[in-house]
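Let us walk through this protein together, starting from the whole and ending with a few single residues. Keep the structure open beside you as you read.

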Amino acid sequence: GRTIEGIRMNEDTFSIQIKDATGNFYSFRKQDLRDLQKLRGQTPMPSYKTILSATELDDLIAYLFSPRGSQ
């Protein structure tokens with residue numbers, strides 16, 4: 001009878017594993033769940049739209065896609 005909210009870490013046909021905001025992991029058999037809601041389009045990742053300028057975002061993306069040598 002309790003609600004667990006978190007990030008889906010793994011899922012298959014029969015089970016789902018969730019990590020909550022405090023770092024606790026939960027594993028459930030889907031047949032035992034009363035309800036399973038997947039909130040598509042929502043993320044715990046903060047938006048950088050108001051933190052970085054358009055130029056800074058472009059520079060960050062260019063850096064992430066730039067080729068790097070072997071490490």
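What is the mean pLDDT of the protein, and what percentage of its residues reach 70 or more? This is a predicted model, and its mean pLDDT is 87, with 93% of the residues at 70 or more. Among the elements, strand S3, made of residues 25-29, has the highest mean pLDDT, at 96. Strand S1, residues 7-11, has the lowest, at 90. A word of care applies to any predicted model: coordinates in places of low pLDDT should not be read in detail.

Now for the overall layout. You will find three strands and one helix, and reading along the sequence gives the pattern β-β-β-α. The protein is more spread out than a compact globule, because its radius of gyration is 18 Å, well over the 11 Å that the globule rule gives for 71 residues. Taken along the principal axes, the box filled by the C-alpha atoms is roughly 50 × 35 × 20 Å.

The surface and the contacts can be described in the same spirit. Of the 71 residues, 7% count as buried. The exposed area comes to about 6,700 Å², and carbon and sulfur atoms supply 53% of that area. As for contacts with a separation of 6 or more, 15% of them join residues that are 24 or more positions apart. The charged side chains number 10 positive and 9 negative, and the centres of these two sets lie 6 Å apart.

With that picture in mind, let us visit the strands. Lys 19 belongs to strand S2, which covers residues 15-19. Is Lys 19 buried, partly exposed or exposed? Lys 19 counts as partly exposed, because its relative accessibility is 31%, and partly exposed covers the range between under 20% for buried and over 50% for exposed. Ten residues separate Lys 19 from Met 9 in sequence, yet their C-alpha atoms are 6.5 Å apart in space. Met 9 is also one of the contacts of Lys 19 beyond four places in sequence, along with Gly 6, Ile 7, Asn 24 and Phe 25.

Next comes Phe 28, a residue of strand S3. Phe 28 is partly exposed too, with a relative accessible area of 23%. Once neighbours within four places in sequence are set aside, its contacts are Ile 4, Phe 14, Ser 15, Ile 16, Ile 18 and Leu 33. Tyr 48 is another matter: 20 residues from Phe 28 in sequence, its C-alpha lies 33 Å from that of Phe 28.

Finally, follow the chain into the loop between S3 and H1, where Leu 36 lies. Leu 36 is partly exposed at 35% relative accessibility. Not counting residues up to four places away, Leu 36 touches Glu 11, Ile 16 and Lys 30. Ile 16 is therefore a residue to look for twice, since it appears among the contacts of Phe 28 as well. From Leu 36 to Ser 66, 30 residues apart in sequence, the C-alpha distance is 40 Å.

Thr 50 sits in the loop between S3 and helix H1, the helix of residues 54-65. Which side of the cut-offs does Thr 50 fall on, buried or exposed? Thr 50 counts as exposed, because its relative accessibility of 75% is over 50%. Asp 20 lies 30 residues from Thr 50 along the chain, and their C-alpha atoms are separated by 26 Å.

Conventions:
Residues numbered from 1 in each chain as written. Predicted model: local features only at pLDDT ≥ 70, side-chain atom pairs only at ≥ 80, totals over all residues. Heavy atoms only, no water. Helix = DSSP H or I, 4+ residues; strand = E, 2+ residues; numbered from the N terminus. Rg over C-alpha atoms; globule rule 2.2 N^0.38 Å. Buried < 20%, exposed > 50% of the residue type's maximum accessible area, 1.4 Å probe, protein only. Contact = heavy atoms within 4.5 Å. Areas by Shrake-Rupley, 256 points an atom, 1.4 Å probe, with all protein chains shown as cover. Lys, Arg positive; Asp, Glu negative; His and termini not counted. Charge placed at Lys NZ, Arg CZ, Asp CG, Glu CD. pLDDT = per-residue confidence, 0-100.
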